[in-house]
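Colleague: I'm still getting used to reading models like this one. Please pick a single part and take me through it slowly, with a bit of what surrounds it.

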Amino acid sequence: GRACGSSCRSRRVLDLSHNLLEDRGVEAVARHIDGRHGLGGAPRRRTSQRLQLRLQGVGCSGSGVDHLLERKEFLVELDVGLNPLAANTVMALCKAACVRRSRWRSLGLAHLASKAGDRSE
């Protein structure tokens, strides 16, 4: 295996980038993120584990992100770049990452695609 410090043992990485999940798929992923179990219902060994979730280019919009934000306390990293997110969704993500008690270490928003016809800012 690869050598890494204790911080690697306390985090899980799920990279579903460039899979066409859309909002329904992202919602399904969000439903399976919780503090008692790993994804898919597998029991977790450590209660301090947090998830690094990478969802670049999965075709999700604000609806999918809203479901992820309901589970924000279990995330340490979220990358949703290359998705058609409106300005109000980006603001909600920034707010979630920047609150005082947030454990997020990284929020990826690079190369956001704009929604066609979306004028909300």
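Modeller: Helices (H or I, at least four residues) and strands (E, at least two) are DSSP runs, numbered from the N terminus. With that rule, the protein has four helices and four strands, and from the N terminus on they come in the order α-β-α-β-α-β-α-β. Keep in mind that this is a predicted model, where local features need pLDDT of at least 70 and side-chain atom pairs count only at pLDDT 80 or more, while totals for chains, interfaces and linings use all residues. Residues are numbered from 1 along each chain as its sequence is written, and side-chain values use heavy atoms, with hydrogens and water left out.

Let's go for helix α4. It covers residues 87–98, twelve residues in total. From its first C-alpha to its last it reaches 16 Å, close to the expected 16 Å at 1.5 Å a residue (the expected span is 1.5 Å times one less than the number of residues).

Now, which residues of α4 are buried? They are T89, V90, L93, A96 and A97 (buried means under 20% relative accessible area, exposed over 50%, and partly exposed in between, with a 1.4 Å probe and protein chains only). Look down the axis of α4 and these buried residues fall within an arc of 125°, so they line one face of the helix (the arc is that of the directions from the helix axis to the C-beta atoms). Turned away from that buried side is a face with the exposed residues N88, M91, K95 and C98. For the wider picture, 36% of the protein's 121 residues count as buried.

What covers the buried residues of α4? The cover includes α3 (62–69), β3 (75–79) and β4 (106–108). You can zoom in on α3 through G62, which sits in that helix. G62 is buried, with a relative accessible area of 13%. Leaving out residues up to four places away in sequence, G62 touches L85 and T89 (contact means heavy atoms within 4.5 Å), and T89 is one of the buried residues of α4. The C-alpha atoms of G62 and A86 are 6.9 Å apart, although 24 residues separate the two along the chain. Across the protein, 76% of the contacts between residues at least 6 apart in sequence join residues at least 24 apart.

Step back along the chain from α4 and you get to L82, in the loop between β3 and α4. L82 is partly exposed, with a relative accessible area of 38%. Its phi is near 65°, a positive value in a residue other than glycine. Most residues other than glycine have a negative phi. H18 also has a positive phi, near 65°; H18 lies in the loop between β1 (11–15) and α2 (22–31), and at 55% relative accessibility it counts as exposed.

One last stop: A96, a buried residue of α4, also helps line the largest pocket, along with R50, K72, E73, L75, V99, R101, S102, R103 and W104.

Notes: 1 Å grid on protein atoms, 1.4 Å probe; cavity = no way out; pocket = protein on both sides within 12 Å on 5 of 7 lines; lining within 4 Å.
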